[in-house]
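I opened my notebook to follow one residue and the helix around it. These are my entries.

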Amino acid sequence: MHWLWVLIVGGVIGLAAGAITRRGGSMGVISNIIAGLVGSALGEAILGAWGPQVAGMAIIPSIVGAVILVLIVSLIFGIRPET
């Protein structure tokens, strides 16, 4: 049951990162989950595990890490913000 929560929270974090950067319109559900999980690991590695936690992921560092990840990937692939 824990892994189901991890996937749901990872998807929400990836969705939030895509909305913040305005580059998430073309991202699918799987991409949101991957961005959320990898971004969570990146954010917690850089900023630590502080703040509220859901499913073992610190929310604020996870969103910051996912935003950084989405920006880096969009720069590599040339994805522009939606208008």
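Entry one. I looked up the burial of Thr21. Its relative accessibility is 8%, so Thr21 counts as buried, because buried means under 20%. I note that the model is a predicted one.

Entry two. I asked where Thr21 sits. I found Thr21 in helix α1, which covers residues 2–21.

Entry three. I checked the side chain of Thr21 for polar partners. One of its polar atoms lies 2.9 Å from the backbone oxygen of Ala17. For the backbone oxygen of Gly18, I read 3.4 Å to a polar atom of the Thr21 side chain.

Entry four. Which residues does Thr21 touch, leaving out those up to four places away in sequence? I wrote down Val67, Val70, Leu71 and Pro81.

Entry five. I turned to the whole of α1. The helix has 20 residues. From its first C-alpha to its last it reaches 29 Å, close to the 28 Å expected at 1.5 Å a residue.

Entry six. I listed the buried residues of α1. They are Val6, Val9, Gly10, Gly11, Ile13, Gly14, Ala17, Gly18 and Thr21. Ala17 and Gly18, whose backbone oxygens I had looked up for Thr21, are on this list.

Entry seven. What do the buried residues of α1 pack against? I found α2 (29–47), β1, β2 and α3 (59–77).

Entry eight. I stepped past the end of α1. Arg22 follows the helix, and its phi is positive, near 60°.

Entry nine. I also looked up Ala55. It lies in the loop between β1 (53–54) and β2 (57–58). Its phi is near 55°, a positive value in a residue other than glycine.

How values were computed: Residues numbered from 1 in each chain as written. Predicted model: local features only at pLDDT ≥ 70, side-chain atom pairs only at ≥ 80, totals over all residues. Heavy atoms only, no water. Helix = DSSP H or I, 4+ residues; strand = E, 2+ residues; numbered from the N terminus. Buried < 20%, exposed > 50% of the residue type's maximum accessible area, 1.4 Å probe, protein only. Polar contact = N/O pair within 3.5 Å; in protein donor to acceptor, adjacent residues only side chain to side chain. Contact = heavy atoms within 4.5 Å. Expected span 1.5 Å × (residues − 1).
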